[in-house]
Amino acid sequence: MALTGDQVDLFEASIPRLKAIAYRLLGSASDAEDAVQDTFLRWQSADADRVEVPEAWLTKVLTNLCLNQLTSARARRETYVGQWLPEPLLAGDPMLGPADTFEQRESVSYAVLALMERLSPNERVAYVLREAFAYPHGRIAEILDTTESASQQLYHRAKKHIADGRTRTEIDEAAARRIVEEFLTAATSGRTEPLVRLLTADAVAIGDGGGKVPARAKPFEGAAAVATFMRSLFTPNQAARRLLGGTAEVHVSYANGLPALVIIVDGRVIGVMCLEITADGIAAFRNQANPDKLDRATRQWAATDHGEPTLRIH
């Protein structure tokens with residue numbers, strides 16, 4: 001059926017919320033875009049006049065599409081080359097969605113998106129809709145075709161899995177930037193000791209190359225191992241230049257609500273390294289280097305001025 005102008009306007013007004021939900025559920029901006037487009041096609045073919053609460057209808061359709069994606073994604077990731085990390089979103093990307101509360105900011109952080117891979121699809125839906133969008137359990141239950149008590153159980157299980165995997169910490173932007181700059185100074189000093197002092201004892205470094213660019217299949221674990229790797233990565237040398245494909249510019253920025261290093265070669269983003277900073281030091285480095293997951297970041301980066309890089313790796 002043809003949509004009226006009001007029905008098209010209603011859908012377009014819902015797009016930012018739908019994209020923010022889909023990205024949190026899928027960890028992929030391109031897959032989120034596809035899910036929202038498929039939701040529109042279903043809205044177009046529905047009898048929209050008979051839909052009592054369009055927002056609820058659209059959310060349910062989108063969520064079901066994402067649940068199907070999550071089920072197939074689990075099978076695909078069993079054959080994924082190396083570590084899998086979400087597609088990063090740079091600061092200011094509208095797909096990041098609401099960020100008024102700590103819970104909303106945390107739900108889209110790179111650390112939590114990675115941890116959400118441990119959840120069942122239904123747990124992920126309950127966590128995202130409740131934590132980031134404050135949906136009541138009655139509405140979540142309707143979306144998942146379950147009971148309100150089951151929705152509560154899904155949410156509490158998901159929240160426990162997330163809490164078990166990380167320390168809830170939020171550091172203000174100025175302090176975070178200072179720590180990142182201290183890290184870069186230490187990483188380019190040629191010595192591991194200054195780096196070790198900035199890291200937690202159980203620090204990890206994870207890289208996602210997707211089989212397209214070199215990346216270690218297993219994470220580096222422990223302050224000494226991570227410090228040694230970071231020193232080799234950021235100390236300017238010919239081997240690093242060959243690996244990067246040219247002179248790299250390193251900018252201190254933000255991605256998914258976390259301080260990040262954005263690495264640029266010839267105007268293209270070739271890496272987004274998110275740092276998880278706690279009261280005890282830097283706990284994790286998650287570096288997205290798979291070029292398939294950096295197109296959106298490259299487009300967004302090119303659209304704004306970021307000034308001079310903090311570091312050049314020649």
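1. Which helices and strands each supply at least two residues of the lining of the largest pocket? In this predicted model, the helices that do so are α3 (54-77), α5 (110-115) and α6 (121-131), and the strands are β1 (199-208), β5 (268-278) and β6 (281-288). Among these elements, it is β1 that gives the most to the lining of the largest pocket, with four residues.

2. The largest pocket itself has a volume of about 670 Å³. It is lined by 32 residues, and those closest to its centre are Ala114, Leu115, Arg118, Gly165 and Arg286. When the residues of this lining are sorted by character, they divide into 15 nonpolar, seven polar and 10 charged.

3. The pocket should be kept apart from the cavity, which is a separate item in this note. A search of the whole structure finds one cavity of 30 Å³ or more, and the space in the largest cavity comes to about 30 Å³. Its lining is made up of Leu26, Asp31, Gln69, Leu70, Ala73, Arg76 and Arg77, and helix α3 gives the most to that lining, with five residues. By character, the lining of the largest cavity divides into three nonpolar residues, one polar residue and three charged residues. A student tracing α3 through the model will therefore meet this helix twice, since α3 also supplies at least two residues of the lining of the largest pocket.4. Two packed helices are described by the angle between their axes and the distance between the axes. Here the axes of helix α7 (residues 137-144) and helix α8 (residues 148-165) come within 8 Å and cross at roughly 95 degrees. Because angles of 65 to 115 degrees count as roughly perpendicular, α7 is roughly perpendicular to α8.

5. Which residues meet where α7 and α8 are in contact? On the α7 side they are His137, Gly138, Ile140, Ala141 and Leu144, and on the α8 side they are Glu148, Ser151, Gln152, Leu154 and Tyr155. The residues of this contact divide into five nonpolar, four polar and one charged.

6. For the chain as a whole, the secondary structure comes to 13 helices and seven strands. The radius of gyration is 21 Å, close to the 20 Å that the globule rule gives for 314 residues, so the protein chain is as compact as a globular protein of that length. Taken along the principal axes, the C-alpha atoms of the chain fill a box of roughly 65 × 40 × 40 Å.

Technical notes:
Residues are numbered from 1 along each chain as its sequence is written. This is a predicted model: local features need pLDDT of at least 70, side-chain atom pairs count only at pLDDT 80 or more; totals for chains, interfaces and linings use all residues. Side-chain values use heavy atoms; hydrogens and water are left out. Axes are lines fitted to C-alpha atoms, for helices over the stretch in contact, and angles run from 0 to 180 degrees between N-to-C directions. Angles under 35 degrees count as roughly parallel, over 145 as roughly antiparallel, 65 to 115 as roughly perpendicular and the rest as oblique. Contact means heavy atoms within 4.5 Å. Ala, Val, Leu, Ile, Met, Phe, Trp, Tyr, Cys and Pro count as nonpolar, Asp, Glu, Lys and Arg as charged, and the others, Gly among them, as polar. On a 1 Å grid over the protein atoms alone, a cavity is a set of points where a 1.4 Å probe fits but cannot get out, and a pocket is an open set with protein on both sides within 12 Å along at least five of seven lines; lining residues have an atom within 4 Å of a point. Grid points are joined across faces, edges and corners, and a volume is the space filled by probe spheres set on the points. The radius of gyration is taken over C-alpha atoms; the globule rule is 2.2 Å times the number of residues to the power 0.38.
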